[in-house]
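Hi,

Here is the structure I promised to pass on. Have a look at it first, and then read on for what I found in it.

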Amino acid sequence: MELMTRIDIPASEWKIPAGAKVLLVGSCFADEIGEKMVRGGFEATVNPFGTLYNPASIAGSLLRSISEREYTPDSPELIQDEMEGIWHSWMHHSVFSSRNRSSLIEKVNVTMREVAHFLREADVLIVTFGTAIIYRLKETGMLVANCHKQPDSLFVRERMSSYDIVDQWQMLLQLLESVNPKLKIIFTVSPIRHKRDGYHVNQVSKGILLQATDEIVNSKSSDHQWDYFPSYEIMMDELRDYRFYADDMIHPSAKAVEYIWQRFQDTYFDNRTKDVVAKAEKVWRQHQHRQIVNSNLSNSK
């Protein structure tokens with residue numbers, strides 16, 4: 001008796017080799033899979049700009065990095081929170097924020113140069129779209145990737161169309177191909193629901209992302225190696241039971257992430273890579289265990 005609807009995922013025609021250089025960008029689900037790849041011995045760079053949720057912000061960050069357009073003290077993307085005196089970048093996660101504007105500029109520019117260099121040599125780019133909802137500054141119309149808990153009155157909330165997403169990404173993909181012709185790209189839609197906008201809006205948003213990724217992948221010519229991995233569909237259909245969710249009933253549990261990771265391996269790894277990954281994960285677990293033991297010993301003294 002089948003007790004779940006299993007998602008049929010054909011094995012990819014191309015494989016990710018052991019130790020490959022992989023860049024992961026997008027929603028917090030990219031962090032989950034990225035951590036798995038790091039543990040598995042891949043040379044993985046995970047969300048270097050911080051967590052980014054919408055396709056426009058992800059594309060904008062990659063485009064700026066490739067173009068190497070550095071930030072300056074006059075860049076409109078930089079803002080100071082007058083109450084706390086902290087400088088933020090509208091294009092970056094708060095991990096980049098600093099009380100010193102020069103420090104913030106240095107951090108974002110160094111990261112941008114590192115990403116540009118990594119992209120030119122990377123084997124795989126994994127892109128995870130989280131939402132089609134975007135926010136713009138009312139005053140200038142500039143898209144922001146992170147609102148940094150600023151007042152809602154500063155922003156206009158919009159919803160991207162699948163056409164907007166496809167148009168922007170097709171231009172970016174052409175540029176990526178020109179700087180790294182060997183780059184393989186995997187798109188996926190995050191299974192994490194965005195409850196802030198309401199569950200109906202979340203479903204509409206996910207539908208737009210699914211349509212956009214389908215159009216992007218299926219519009220490719222035969223010499224492109226772009227693919228779609230159905231992490232959203234796995235979570236919604238195979239793992240629809242709430243026992244596969246974390247305590248917040250929104251994020252996938254560790255067991256669910258592990259299951260999706262196994263499906264990912266079955267799709268993109270050959271047997272040799274699976275063996276290498278399994279050994280690397282074992283070494284990582286042993287190292288973590290030793291650290292815990294040493295920490296407990298230190299605390300007991």
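Strand 6 (residues 133–137) and strand 8 are joined by 5 bridges, running antiparallel to each other. One pair you can pick out there is Y135, which sits opposite R157 of strand 8. Please keep in mind that this is a predicted model.

These two strands belong to an open sheet of 3 strands, in the order 7-6-8 and with antiparallel pairing. Strand 7 (143–144) and strand 8 (155–159) are at its edges; each has a single partner strand, so one side of each has no neighbour in the sheet.

There is also an open sheet of 5 strands, and here the pairing is parallel, with the order 2-1-5-9-10. Its edges are strand 2 (43–46) and strand 10 (226–228), each again with a single partner strand, so one side of each is left without a neighbour in the sheet. From one strand to the next, the twist averages 20°.

Within this sheet, strand 1 (residues 21–26) runs parallel to strand 2, and 4 bridges connect them. L24 is the residue that stands opposite V46 in strand 2. Helix 1 (residues 28–39) packs on the sheet, where it touches strand 1, strand 2 and strand 5 (124–129). The direction of helix 1 makes about 160° with that of strand 1.

Now to two loop residues that I think you will enjoy looking at.

T131 is found in the loop between strand 5 and strand 6. Is T131 buried or exposed? Its relative accessibility is 8%, and the cut-off for buried is under 20%, so T131 counts as buried. A polar atom of the T131 side chain lies 3.0 Å from the backbone nitrogen of I133, and the side chains of T131 and S205 share a polar contact of 3.2 Å. Not counting neighbours within four places in sequence, T131 is in contact with Y53, N54, P55, H194, S205 and L209.

H194, one of those contacts of T131, is in the loop between strand 9 (184–189) and helix 5 (199–218). Which backbone oxygen does the side chain of H194 reach? That of G130, at 3.4 Å. With neighbours within four places in sequence again set aside, the contacts of H194 are Y53, G130, T131, N202 and K206. Y53 therefore turns up in both lists: it is in contact with T131 and with H194.

Happy to talk it through whenever suits you.

Best wishes

How values were computed. Residues numbered from 1 in each chain as written. Predicted model: local features only at pLDDT ≥ 70, side-chain atom pairs only at ≥ 80, totals over all residues. Heavy atoms only, no water. Pairing = 2+ DSSP bridges. Helix = DSSP H or I, 4+ residues; strand = E, 2+ residues; numbered from the N terminus. Axes fitted to C-alpha atoms, helices over the stretch in contact; angles between N-to-C directions. Contact = heavy atoms within 4.5 Å. Polar contact = N/O pair within 3.5 Å; in protein donor to acceptor, adjacent residues only side chain to side chain. Buried < 20%, exposed > 50% of the residue type's maximum accessible area, 1.4 Å probe, protein only.
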